Amino acid sequence: MQKGLKDNFADVQVSVVDCPDLTKEPFTFPVKGICGKTRIAEVGGVPYLLPLVNQKKVYDLNKIAKEIKLPGAFILGAGAGPFQTLGFNSEFMPVIQTESEHKPPVNGSYFAHVNPADGGCLLEKYSEKCHDFQCALLANLFASEGQPGKVIEVKAKRRTGPLNFVTCMRQTLEKHYGNKPIGMGGTFIIQKGKVKSHIMPAEFSSCPLNSDEEVNKWLHFYEMKAPLVCLPVFVSRDP
């Protein structure tokens with residue numbers, strides 16, 4: 001990992017450390033860690049969004065936890081917001097302690113959407129708007145028991161190459177492990193600098209989006225300033 005990242009970043013450190021307490025700032029997750037029976041769930045997919053949306057594809061995170069045989073799992077990641085409850089399309093950042101036999105669920109998720117007033121980017125806490133545990137269309141999810149434990153700590157400074165942080169890690173794993181799919185998930189902080197990121201419009205496209213160029217014209221792009229808490233989930237290659 002360290003060797004691969006050095007092709008795109010000037011200063012890289014990779015080590016195994018104790019997971020920091022994620023209930024504290026800046027994370028404020030509902031659990032202390034991301035360890036214990038870890039697994040990745042790829043839910044839905046891009047074909048449910050493009051070229052035209054399939055609005056029948058909606059999901060419940062509590063049910064997903066049971067489907068992956070980890071009821072009560074802590075789930076984080078990225079996906080499409082639950083338009084069926086919000087009333088519009090958005091980007092979704094699930095941070096959910098799912099329900100178990102002994103504990104009720106806790107929803108610490110966020111969603112980002114385009115401000116209808118000025119076209120800017122709005123980030124809001126989901127539980128302040130809705131009280132369900134749903135998402136829609138597609139989601140890349142990392143699940144665990146939410147326990148403390150050992151994690152891989154990756155530090156990178158001063159990007160020098162064309163690849164972003166997550167793409168660089170994914171391609172490094174693919175190069176090293178070849179045909180064997182390797183998945184990673186967790187959280188990291190962008191402490192300094194700016195990030196170019198996209199947000200889907202509130203309305204789904206009524207015209208088929210058949211190329212990257214058409215998709216990029218549909219999306220809204222923003223320059224976001226640090227600090228940012230990110231929730232990456234990726235697999236080195238398709239199984």
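This note covers the cysteines, the internal cavity and one residue of the cavity lining.

1. The model is predicted. Read every value below as computed from that model.

2. Disulfides: the count is 0. A disulfide is a covalent bond between the sulfur atoms of two cysteines. The cut-off applied here is 2.5 Å between the sulfurs.

3. Why is Cys 19 without a bond? The closest cysteine sulfur belongs to Cys 35, and at 5.4 Å that is too far. Cys 19 is also buried, with 13% relative accessibility.

4. Cys 135 takes part in no disulfide either. Its nearest cysteine sulfur is in Cys 130, 13 Å away. Cys 135 is buried, at a relative accessible area of 1%.

5. Cavities: the structure has 1 of 30 Å³ or more. The largest cavity holds about 40 Å³ of space.

6. Which residues line the largest cavity? One stretch is Leu 49, Leu 50, Pro 51, Leu 52 and Val 53. Phe 204, Ser 205, Leu 209 and Trp 218 complete the lining. By class, the lining has 8 nonpolar residues, 1 polar and no charged.

7. Ser 205 is a polar residue in that lining. Ser 205 sits in the loop between β14 (194-199) and α5 (212-218). Is Ser 205 buried or exposed? Ser 205 counts as buried, because its relative accessibility is 19% and the limit is under 20%.

8. What does the side chain of Ser 205 reach? The partner is the backbone oxygen of Cys 207, at 2.6 Å. Beyond its neighbours within four places in sequence, Ser 205 contacts Leu 52 and Trp 218. Both Leu 52 and Trp 218 also line the largest cavity.

Notes: Residues numbered from 1 in each chain as written. Predicted model: local features only at pLDDT ≥ 70, side-chain atom pairs only at ≥ 80, totals over all residues. Heavy atoms only, no water. Buried < 20%, exposed > 50% of the residue type's maximum accessible area, 1.4 Å probe, protein only. 1 Å grid on protein atoms, 1.4 Å probe; cavity = no way out; pocket = protein on both sides within 12 Å on 5 of 7 lines; lining within 4 Å. Points joined across faces, edges and corners; volume = space filled by probe spheres on them. Helix = DSSP H or I, 4+ residues; strand = E, 2+ residues; numbered from the N terminus. Polar contact = N/O pair within 3.5 Å; in protein donor to acceptor, adjacent residues only side chain to side chain. Contact = heavy atoms within 4.5 Å.
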